[in-house]
Amino acid sequence: MEIIINLTGLVLIAFIVWWFWIFKNRSEARVEGSVLDIVVDSGIYEPSVIHAKAGESVTLRFIRKDSNPCAEKVLFSGLDISADLVVGTPYDLTFTPEKKGEYEFTCQMAMYRGKLIVE
Amino acid sequence: MSKTADSMNNKSGTSKRLYVSDISCAGCVDTIETALKSVPGVDEVQVNFADRSVVVSGDVPVDILIQAISKSGYTASIAEDKTDSERENKDLAHYKELLKKTVIAGIISLAIVAVTMLGLLPEITSFKGQVSWGIVSLLALFVLTYAGGRFFVGALKSFKNHNANMDTLIAIGTGVAWVYSSFVVIFPDAVSEIARHVYFDTATLIITFINLGSALEMRARGKTSEAIKRLIGLQPKTARVLREGSEVDIPIEQVQMDDIVRVRPGEKIPVDGELTEGSSHVDESMLTGEPVPVSKKVGDEVVGGSVNKSGSFLFKATRIGEDTALSQIIEMVRKAQNAKPEIGRLADKVSSIFVPTVLIIAVLTMLAWFNFGPSPQLTYMLVTTMAVLIIACPCALGLATPISVMVGVGKAAEYGVLIRRGDALQQSGEISTVVLDKTGTITEGKPVVTALEPTSSWSEEKLLMIAASVETNSEHPLAEAVVEASKEKNVELKSIESFEAVSGHGVRAVYQQKTVLLGNRKLMQDSGVKLGSLLEMSEKLSKMGQTVIFVSVDGEAAGLLGISDPIKVDSKEAIKRLQDLGIKVVMLTGDNRATAQTVAGLVGVDDFIAEVLPQDKADQITKLQEKGEKVAMVGDGINDAPALAGSDVGFAVGTGTDVAIESADITLMRGSLHGVADAIAISKATLRNIKENLVGAFGYNSLAIPIAAGILFPFTGLLLNPIIAGAAMALSSLTVVTNANRLRWFKP
């Protein structure tokens with residue numbers, strides 16, 4: 001009994017590490033031509049990994065559904081871009097990423113997390 | 001921006017913006033378009049699916065349009081400012097919803113606590129007991145889903161996305177309590193008697209506390225953005241415009257470029273423009289922090305959002321909509337409020353791994369109590385694990401920096417200090433040396449000719465004539481002073497044959513086939529001009545703080561001009577304030593040493609660097625930085641752009657309404673150097689506030705989590721009740737927000 005419970009605990013820890021840190025298969029999307037919708041709801045951005053081309057203008061349409069105040073801002077800290085989101089009012093964020101690289105976008109508290117990959 | 005209903009009813013041929021709250025699909029767009037186009041008088045309809053707005057042009061009263069939309073099955077209203085008042089309404093609704101949930105969850109929780117504590121229900125092992133506890137379990141489930149449902153949904157969604165957040169912790173903590181307790185109710189015999197305990201009261205009270213905490217935090221967070229709301233509130237809703245000879249009130253969005261606008265005493269100026277008729281005093285304090293009303297006459301610039309104090313006047317609109325100074329200020333403040341200074345990066349890194357780490361700690365806690373804890377292990381395991389999950393608060397950590405930045409940037413804006421770059425707030429809090437450009441920064445930047453000394457063969461008038469005739473071709477501020485002096489003395493200017501600027505030294509021109517030199521001593525010496533007695537005179541003037549320009553014609557000295565630039569009345573006081581903040585103040589100028597020394601002495605700077613050519617200003621900054629100083633450069637933002645860009649923080653001073661100076665990190669709308677002291681004092685206070693928050697949040701989590709895990713138990717027998725953990729968690733983020741709000745009362 002003791003061994004089983006201890007083993008279960010260790011497996012649980014291994015699972016937490018694997019699921020939250022090692023496993024990388026978030027919902028991905030590519031900005032093609034027009035506008036890309038990003039839904040902000042229940043603690044996540046959907047999709048949360050966005051591919052874009054360097055030097056090309058992108059429009060990310062943030063649709064905030066979550067009334068939790070955490071969701072009210074989206075910040076691209078590496079790009080010095082930010083937006084204030086209103087529940088139910090889509091916000092079009094249009095910009096041109098110039099440099100290749102990975103840029104995180106988060107809420108003010110960095111609990112909502114997403115990534116813009118500029119290729 | 002909003003429109004007033006009456007103003008839209010009586011205008012013909014104008015467009016009206018409506019907000020349709022229930023446009024949910026592209027199909028709705030067609031329906032609404034068709035419905036509106038069928039209304040007689042409607043010329044054009046544009047439906048914007050993104051922001052749910054409809055713009056209708058044509059001569060139709062707005063209520064008819066709203067009726068037409070509602071007949072087609074949708075709800076329309078006059079569009080208000082969508083990002084602000086709408087957000088406020090939604091926030092208020094959310095706040096009320098949270099309070100309602102708190103009250104209902106609270107009442108049920110207290111009832112559950114009462115029956116648990118007072119032992120009102122039969123033993124759980126009896127059938128009657130199982131039924132009554134079963135009802136309690138269902139009541140608790142109601143509280144968990146009604147008041148805490150969003151935590152469970154959020155936890156599940158982020159889990160699916162390989163993400164974990166606050167919701168995850170709350171959902172697991174309370175969920176485990178409910179599942180275990182319900183298990184005990186259904187199978188009481190499966191658990192040893194000593195561990196046969198239920199935790200419905202714990203789960204429901206935690207949810208109640210967290211809801212209450214969220215509601216209070218939301219209230220407090222609303223206050224952090226008051227500065228920007230105040231700026232938005234400065235914008236009037238209507239403007240009185242001259243149209244076809246009469247004055248009509250129109251919504252501000254309909255004001256066109258070059259419209260002639262009437263402003264009466266006591267009214268707000270609607271957009272930016274140039275005064276064309278009348279004169280007045282205008283209070284610009286809300287925008288620039290300048291306390292004294294500014295006098296305005298024909299040709300002067302007026303700024304939207306400022307208040308007309310005395311006379312009635314007309315002005316021509318030159319900047320409207322998003323181009324007005326006020327709109328740009330709002331945008332800049334909003335952007336800076338969202339920026340994250342370097343100091344917050346560590347907290348962000350910790351936040352990103354925080355929740356999974358807490359989950360691991362929770363599992364380890366459980367195992368530790370199982371292997372080493374006293375009997376009944378199951379009870380101890382449960383209580384400590386719940387406490388760990390609930391007490392951990394990533395919110396406090398994540399909020400610590402941004403919430404103080406919000407308040408600090410807003411506070412700065414109140415004082416006419418606009419922060420353009422996020423890191424500037426932190427940088428200016430750490431400044432050790434401030435470099436002030438002399439002309440236009442310490443001084444008024446409006447030089448006047450105060451001495452005119454011709455040599456024996458020249459007259460004052462002739463000297464001024466030749467100097468002004470040459471300088472009228474130059475754009476240098478000193479040249480303006482010379483030309484201005486010739487105008488005052490009614491000296492007629494002659495045309496010259498050629499003109500060439502000798503950078504940093506003066507100018508060379510040809511007048512009636514004679515070479516004329518105007519400039520400093522070096523220019524004269526390099527050209528072999530003998531200055532003789534002029535040198536003595538020039539030294540005397542320099543000691544009085546005047547800048548000297550020598551004039552020579554065909555290699556012979558003709559005389560000199562003394563030009564002085566009055567020092568701003570409050571420069572000395574502001575420099576003293578900077579020094580009191582522990583900052584070294586250095587003056588930078590192109591003037592000669594003697595002039596610089598005099599001005600430096602008058603204003604009391606710690607040090608000065610004289611005879612610096614414009615292009616070398618940036619090098620001087622670099623030299624100071626190489627000595628390990630954190631340098632702020634203060635200038636007008638135009639001819640010292642490289643120095644501003646090269647410094648750790650560049651301040652453009654006295655930009656008035658021209659807020660978008662690219663090379664500056666911070667723009668001061670007021671001409672006074674007090675703005676620099678205000679900016680640095682506010683930055684220091686904000687930085688201190690952020691540090692308090694970070695220390696508090698890190699300290700709280702690193703103390704609270706081990707205590708919740710039971711680290712004190714072996715020594716003191718102390719265990720944390722998960723209910724207390726819930727209350728502590730709710731309080732911790734509220735404390736961070738409240739501490740940031742303290743900054744609102746800060747006076748630099």
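How exposed is Phe187(B)? Phe187(B) turns out to be partly exposed, at a relative accessible area of 46%. The views below take in this ring and its surroundings in what is a predicted model.

**View 1. Phe183(B) and Phe187(B) make a tilted ring pair.** Across all chains, the structure holds 22 aromatic pairs. In this one, the ring centres of Phe183(B) and Phe187(B) sit 5.4 Å apart. Their planes meet at 55°, so the pair counts as tilted rather than edge-to-face, a label that takes an angle over 60 degrees. Phe183(B) is partly exposed, with a relative accessible area of 38%, and Phe187(B) is partly exposed too, at 46%.

**View 2. Tyr380(B) and Phe713(B) pair up across the sequence.** Here's another tilted pair, with 5.5 Å from centre to centre and 55° between the planes. Tyr380(B) belongs to helix H13 (residues 377-391) of chain B, while Phe713(B) belongs to helix H26 (residues 713-716) of chain B. That puts the partners 333 residues apart, so this contact ties together distant parts of the chain. Tyr380(B) is partly exposed, with a relative accessible area of 22%.

**View 3. An aromatic cluster draws on chains A and B.** Ring pairs join Phe15(A), Trp18(A), Trp19(A), Phe20(A) and Phe23(A) into a cluster with Phe159(B).

**View 4. Chain A, one helix and then strands.** Chain A has one helix and ten strands, and the helix comes ahead of the strands in the sequence. Its radius of gyration is 17 Å, well over the 14 Å that the globule rule gives for 119 residues, so chain A is more spread out than a compact globule. The C-alpha trace covers about 60 × 30 × 20 Å along its principal axes. Buried residues come to 55% of the 119 in chain A. As for charge, the mean positions of its 12 positive and 16 negative charges lie 3 Å apart.

**View 5. Chain B, with 27 helices and 26 strands.** The radius of gyration of chain B is 36 Å, well over the 27 Å from the globule rule for 748 residues, so chain B is more spread out than a compact globule. Along the principal axes, its C-alpha trace runs to about 125 × 75 × 40 Å. Of the chain B contacts with a separation of 6 or more, 68% are between residues 24 or more positions apart. Chain B exposes about 31900 Å², and carbon and sulfur atoms supply 57% of that.

Terms used
Residues numbered from 1 in each chain as written. Chains lettered and ligands numbered in written order. Predicted model: local features only at pLDDT ≥ 70, side-chain atom pairs only at ≥ 80, totals over all residues. Heavy atoms only, no water. Helix = DSSP H or I, 4+ residues; strand = E, 2+ residues; numbered from the N terminus. Rg over C-alpha atoms; globule rule 2.2 N^0.38 Å. Buried < 20%, exposed > 50% of the residue type's maximum accessible area, 1.4 Å probe, protein only. Lys, Arg positive; Asp, Glu negative; His and termini not counted. Charge placed at Lys NZ, Arg CZ, Asp CG, Glu CD. Contact = heavy atoms within 4.5 Å. Areas by Shrake-Rupley, 256 points an atom, 1.4 Å probe, with all protein chains shown as cover. Phe/Tyr/Trp six-rings, centres within 6.5 Å; stacked < 30°, edge-to-face > 60°.
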